[in-house]
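Reader: I would like to learn how to read a structure like this one. Where should I begin?

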Amino acid sequence: MTRFKSSQGNGTVLGILLIIVALLAAGCVLLFVAASHAATQAGTAADLAALGAADTARGIRHGAPCTVAEMLSRANGAVLEECAIEPTGDTVRVKVSVPVSFGFAGIQLYPATAVARAGPPHLF
């Protein structure tokens with residue numbers, strides 16, 4: 001006579017495993033959303049900072065180009081990492097970063113960075 005092992009409790013273990021897999025999948029989705037949001041915010045801040053700095057370098061706006069770039073990047077939730085005025089004197093290149101915050105705890109994983117360059121329009 002063969003005896004089968006009891007399968008009592010297998011459903012509980014399977015249910016717990018399914019919950020763990022669902023929580024890991026939800027964490028991956030939240031991480032992707034946080035990274036996408038930070039990358040978009042960094043791109044926007046870099047574009048606006050470069051445009052403002054280029055306008056300042058061309059004399060359309062008062063002030064120092066890199067000071068204006070820092071102010072505009074900070075106003076858009078980013079940190080200005082680099083600001084360089086190209087040898088032409090009217091084109092500016094900036095690099096900004098935005099920290100990727102994960103979850104409700106506000107854990108900061110890594111910064112999303114963006115680079116932008118702006119200057120006067122090219123005439124043909």
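Author: What follows goes from a helix pair to a nonpolar core and then to single residues. Keep in mind that this is a predicted model.

Reader: How are two packed helices described?

Author: Two packed helices are described by the angle between their axes and the distance between the axes. Here, helix H1 covers residues 10–57 and helix H2 covers residues 65–75. They pack at an angle of about 150 degrees, and their axes are 8 Å apart. Angles over 145 degrees count as roughly antiparallel, so H1 is roughly antiparallel to H2.

Reader: What is the handedness of the crossing in which H1 passes H2?

Author: The crossing is right-handed.

Reader: Which residues of H1 and H2 make the contact?

Author: On the H1 side they are Ala45, Leu48, Ala49, Gly52, Ala53, Thr56 and Ala57. H2 contributes Pro65, Val68, Ala69, Leu72 and Ser73. Sorted by class, this contact of H1 with H2 has 9 nonpolar residues, 3 polar ones and no charged ones.

Reader: Take one residue of that contact, Val68. Is Val68 buried or exposed?

Author: A residue counts as buried under 20% relative accessible area. Val68, which is part of H2, has a relative accessibility of 6%, so Val68 is buried. Setting aside residues up to four places away in sequence, Val68 touches Gly52, Ala53, Thr56, Arg61 and His62.

Reader: Where does His62 lie?

Author: His62 is in the loop between H1 and H2. A residue counts as exposed over 50%. With a relative accessible area of 77%, His62 is therefore exposed. Apart from its neighbours within four places in sequence, His62 is in contact with Thr56 and Val68.

Reader: Now the core. Which residues touch the most other members of the largest nonpolar core?

Author: That core has 23 residues, and Val94, Val96 and Val100 touch the most other members. At least two core residues come from each of H1, H2, strand E2 (92–102) and strand E3 (107–118). H1 gives the most, with 10 residues.

Reader: What does Val94 touch?

Author: Not counting residues up to four places away in sequence, the contacts of Val94 include Ala46, Ala49, Ala50 and Ala69. Among the others are Leu80, Glu82, Cys83, Ala114, Val115 and Ala116.

Reader: Is Ser97 buried or exposed?

Author: Ser97 lies in strand E2, and at 7% relative accessibility Ser97 counts as buried. Leaving out residues up to four places away in sequence, Ser97 touches Ala78, Val79, Glu81, Pro111, Ala112 and Thr113.

Reader: How do I compare separation in sequence with separation in space?

Author: Give both values for a pair. Ser97 and Gly27 are 70 residues apart in sequence and 23 Å apart, C-alpha to C-alpha. For Val68 and Gly89, 21 residues apart along the chain, the C-alpha atoms are separated by 15 Å.

Terms used
Residues are numbered from 1 along each chain as its sequence is written. This is a predicted model: local features need pLDDT of at least 70, side-chain atom pairs count only at pLDDT 80 or more; totals for chains, interfaces and linings use all residues. Side-chain values use heavy atoms; hydrogens and water are left out. Axes are lines fitted to C-alpha atoms, for helices over the stretch in contact, and angles run from 0 to 180 degrees between N-to-C directions. Helices (H or I, at least four residues) and strands (E, at least two) are DSSP runs, numbered from the N terminus. Angles under 35 degrees count as roughly parallel, over 145 as roughly antiparallel, 65 to 115 as roughly perpendicular and the rest as oblique. A crossing is left-handed if the near helix is turned anticlockwise from the far one by less than a right angle, and right-handed if clockwise. Contact means heavy atoms within 4.5 Å. Ala, Val, Leu, Ile, Met, Phe, Trp, Tyr, Cys and Pro count as nonpolar, Asp, Glu, Lys and Arg as charged, and the others, Gly among them, as polar. A nonpolar core is a set of buried Ala, Val, Leu, Ile, Met, Phe, Trp, Tyr and Cys residues joined through side-chain atoms within 4.5 Å. Buried means under 20% relative accessible area, exposed over 50%, partly exposed in between (1.4 Å probe, protein chains only).
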